[in-house]
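Work through the exercises below with the sequence and the structure open beside you, and try each task before you read its solution.

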Amino acid sequence: MDIIVTSPPASVTTETLVQVRGLFLTVPASAGPVNILRGMDLDIAAGEAVGVVGPSGSGKTSLLMVLAGLERATSGTVTMAGREMTRMSEDALAKLRREQVGIVFQAFFLIPTMTALENVSVPLELAGVTDARQRAEASLRSVGLGHRLTHLPGQLSGGEQQRVALARAFAPRPRLLLADEPTGNLDRATGETVMDLLFAMREQSGTTLMLITHDPALAARCSRVIRIADGRIA
Ligand SMILES: Nc1ncnc2c1ncn2[C@@H]1O[C@H](COP(=O)(O)OP(=O)(O)OP(=O)(O)O)[C@@H](O)[C@H]1O
Ligand SMILES: [Mg+2]
């Protein structure tokens, strides 16, 4: 008798990379505390691409900031790769972010006095990557910017700047890429090029993606779409 052992394809996994339970985020404001996130539960499996949609002010960016460890939950837990972020020190959070999380915002946030290459290589050097320069160069080549290594951000087009930001986000080989309206500042054609690159790099690296977008067609390129309304998952 033959014993047939079947295993799922490598890209399919049930490992939970991000687990959010009972997440509340309340911030003080002059008119009194603002309840931004109001009881969120979310699981993101390793390798998944999750599109996040919802009205302006619903809490999408706030969720991203908490997952990035840039904002602390008021209550509830956030676990990343089995480690509870809500209990970690600032230093430990910064290390986790450096090693596991890439972030791309609508604004490119490149350092204006550093070349494209330095914008990608310096964070790698800070993270202790030994071949930082070579890795940065390879990452910039993969976004089609091998001929722009020594340009300053001010000497690059918006699309090129966002491609540098993409190269910077992917270069540390993060497990999770958080993207917040990454093409919001770009014209349609340029935005499509950047998005195609983002999805291609994610595909190639197996990076888990959370993509915030107002564009339903973009969200539909993800394997799952969640809707946020009033600080909750609708
Ligand atoms: N630091 C803060 N202090 C007070 N209120 C804040 C603060 N940060 C965010 N908010 C409020 O929290 C709500 C959610 O903001 P958030 O930026 O997460 O929305 P969003 O879904 O990303 O919206 P958009 O689609 O416009 O980017 C908004 O009402 C916003 O004004
Ligand atoms: Mg936002």
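**Exercise 1. Find which backbone atom the side chain of Thr-213 approaches, and describe the surroundings of Thr-213.**

Solution. Begin with the side chain: one of its polar atoms lies 2.9 Å from the backbone nitrogen of Asp-215, in a model that is predicted. Next, place the residue along the chain, where Thr-213 belongs to the loop between S8 and H7. Its relative accessible area is 3%, and because buried means under 20%, Thr-213 counts as buried. Finally, leave out residues up to four places away in sequence, and Thr-213 is found to touch Val-52, Val-53, Glu-181, Leu-218 and Ala-219.

**Exercise 2. Glu-181 is one of the residues touched by Thr-213; state where Glu-181 is found and what its phi is near.**

Solution. Glu-181 is found in the loop between S7 and H6. Its phi is near 45 degrees, which is a positive value in a residue other than glycine. With a relative accessible area of 15%, Glu-181 is buried.

For a second case, turn to Ala-81, which is not a glycine and yet has a positive phi of about 50 degrees. Ala-81 sits in the loop between strand S4 (75–80) and strand S5 (83–84), and its relative accessible area of 26% makes it partly exposed.

**Exercise 3. Decide which residues Asn-185 is in contact with, leaving aside its neighbours within four places in sequence.**

Solution. Locate Asn-185 in the loop between S7 and H6, where its relative accessibility of 46% makes it partly exposed. With the sequence neighbours set aside, the contacts of Asn-185 are Gln-106, Ala-107 and Phe-108. The side chains of Asn-185 and Gln-106 are joined by a polar contact of 3.0 Å.

**Exercise 4. Compare the span of H6 with the span it should have at 1.5 Å a residue, and then describe its ends and its cover.**

Solution. H6 has 18 residues, which should span 26 Å, and the C-alpha atoms at its ends are 25 Å apart, so the two values agree. At the N-terminal end, Asp-187 acts as a cap, with a side-chain oxygen 3.1 Å from the backbone nitrogen of Ala-189. After H6 comes Gly-206, whose phi is positive, near 75 degrees.

The buried residues of H6 are Gly-191, Val-194, Met-195, Leu-197, Leu-198, Phe-199, Met-201 and Arg-202. Among the elements that cover them are strand S3 (49–53), H4, H5, S7, S8 and helix H7 (216–219).

**Exercise 5. Is H5 largely enclosed by the rest of the structure, or largely open?**

Solution. Count the buried residues: 12 of the 13 residues of H5 are buried, so this helix is largely enclosed by the rest of the structure. Those buried residues include Glu-160, Arg-163, Val-164, Leu-166 and Phe-170, and their cover includes strand S6 (101–104), H3, H4, S7 and H6.

Now follow Val-164 inward, to the largest nonpolar core, which has 36 residues. Val-164 is among the members that touch the most other members, together with Leu-140, Val-143, Leu-166 and Leu-209. Helix H3 (116–126), helix H4 (132–142), helix H5 (158–170), strand S7 (176–180), helix H6 (188–205) and strand S8 (208–212) each supply at least two residues of this core. Apart from this core lies another, of 32 residues, among them Ala-46, Val-66, Met-88 and Met-210.

**Exercise 6. Identify which residues surround ligand 1, and what lies 2.5 Å, 3.0 Å and 2.7 Å from its oxygen atoms.**

Solution. The residues around ligand 1 are Val-27, Ile-36, Pro-55, Ser-56, Gly-57, Ser-58, Gly-59, Lys-60, Thr-61, Ser-62 and His-214. Helix H1 (residues 60–67) gives the largest share of this shell, 3 residues.

Take the distances in turn. A polar side-chain atom of Ser-56 is 2.5 Å from an oxygen atom of ligand 1, a backbone N or O atom of Gly-59 is 3.0 Å from an oxygen atom of the ligand, and an N or O atom in the side chain of Lys-60 is 2.7 Å from an oxygen atom of the ligand. Taken alone, ligand 1 exposes 640 Å², of which the protein buries 58%.

Lastly, consider Gly-57, which lies in the loop between S3 and H1 and is exposed, with a relative accessible area of 75%.

Key
Residues numbered from 1 in each chain as written. Chains lettered and ligands numbered in written order. Predicted model: local features only at pLDDT ≥ 70, side-chain atom pairs only at ≥ 80, totals over all residues. Heavy atoms only, no water. Core = buried A, V, L, I, M, F, W, Y, C linked by side-chain atoms within 4.5 Å. Buried < 20%, exposed > 50% of the residue type's maximum accessible area, 1.4 Å probe, protein only. Helix = DSSP H or I, 4+ residues; strand = E, 2+ residues; numbered from the N terminus. Contact = heavy atoms within 4.5 Å. Near = heavy atom within 4 Å. Polar contact = N/O pair within 3.5 Å; in protein donor to acceptor, adjacent residues only side chain to side chain. Areas by Shrake-Rupley, 256 points an atom, 1.4 Å probe, with all protein chains shown as cover. Expected span 1.5 Å × (residues − 1).
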